[in-house]
Amino acid sequence: MSCEVLVYGMGGHMGREVAALALGGYRGVSLACGVDVNGYDGNAVCHASLNEVTEKCDCIIDFSHHSATAPLLDYAVRKGLPVVLCTTGHTEEEKQIIQTAASKIPVFLSANMSVGVALLVELAKKDCRGFPRRGNRDRRIPSRPQAGRSQRNCIADRASPASGSSKG
Ligand SMILES: NC(=O)c1ccc[n+]([C@@H]2O[C@H](COP(=O)([O-])OP(=O)(O)OC[C@H]3O[C@@H](n4cnc5c(N)ncnc54)[C@H](O)[C@@H]3O)[C@@H](O)[C@H]2O)c1
């Protein structure tokens, strides 16, 4: 089953890359069309505005500019289309607009779409859970029998300066 994507910001660096993948049929994806205010120099349909889109599409991939996010989401909500928001630099107000839209349509947002970075962030989150919170006396780093006393104290002091006790 093919997924037809609309690439928003198709004339830009990233938009051109995504369009090339879709045109090549990457993982069953095909290109419905593109939209870019500044045009697209490749061999595919690219409109200057969403109002001109007549092609059927299943989802939107956005690599454009954060100021375009609000009208883009407005269009996606009206059409009931899922959006992959790759654009960065959103203001607090724009983030709120994204939250609201995400309660109506599927929205995937990531400031870095690299699988490696996503993995690193998840691993860092998991790792952080093993550390005591600042000022929380009840959670101490479990002592390791092979670690010397001074080494244990050093780790605990740095991780939880407010814990007071340095018993391992
Ligand atoms: N999430 C990620 O992993 C990731 C990776 C790279 C870039 N980005 C972000 O994606 C965005 C685009 O990056 P880029 O390097 O391709 O930039 P770019 O400047 O090369 O391309 C942006 C394109 O969007 C078009 N555009 C701007 N405003 C528009 C509007 N209102 N409507 C339609 N098209 C519009 C421009 O004409 C341009 O062709 C940036 O915000 C960048 O930070 C995210």
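**Note on the ligand shell and the parallel sheet**

1. Among the elements of the structure, helix H1 (residues 13-23) contributes most to the shell around the ligand, supplying 3 residues. The model under review is a predicted one. The ligand has 23 residues around it, of which Gly9, Gly12, Met14, Asn38 and Ala68 come nearest. By class, the shell residues comprise 13 polar, 9 nonpolar and 1 charged.

2. The sheet is open and is formed by 6 strands, with parallel pairing and the order S3-S2-S1-S4-S5-S6. Its edge strands, S3 (46-47) and S6 (107-109), each pair on one side only.

3. Strand S1 (residues 3-8) pairs with strand S2 (residues 29-35) in the parallel sense, over 6 bridges. Within this pairing, Glu4 stands opposite Ser30 of S2, and Tyr8 stands opposite Val35 of S2. From S1 the chain passes through H1 to S2, a β-α-β crossover that is right-handed.

4. On the pairing of S2 with S3, the sense is again parallel, with 2 bridges. Val35, which faces Tyr8 across the S1 pairing, stands opposite His47 in S3.

5. Is S2 enclosed or open to its surroundings? Of its 7 residues, 5 are buried, so S2 is largely enclosed by the rest of the structure.

6. The placement of H1 links the shell to the sheet description. The helix that gives 3 residues to the ligand shell lies across S1, S2 and strand S4 (59-62), and runs at about 140° to S2.

Definitions and conventions:
Residues are numbered from 1 along each chain as its sequence is written. This is a predicted model: local features need pLDDT of at least 70, side-chain atom pairs count only at pLDDT 80 or more; totals for chains, interfaces and linings use all residues. A residue is near a molecule or strand if its C-beta atom, placed from the backbone, lies within 6 Å of it. Helices (H or I, at least four residues) and strands (E, at least two) are DSSP runs, numbered from the N terminus. Ala, Val, Leu, Ile, Met, Phe, Trp, Tyr, Cys and Pro count as nonpolar, Asp, Glu, Lys and Arg as charged, and the others, Gly among them, as polar. Two strands pair if DSSP finds at least two bridges between them. Two residues are in contact if their C-beta atoms, placed from the backbone, lie within 7 Å. Axes are lines fitted to C-alpha atoms, for helices over the stretch in contact, and angles run from 0 to 180 degrees between N-to-C directions. A residue is buried if 20 or more other C-beta atoms lie within 10 Å of its own, exposed if 12 or fewer, and partly exposed in between; C-beta atoms are placed from the backbone. A crossover is right-handed if, with the strands pointing away from the viewer, the path from the first strand over the helix to the second runs clockwise.
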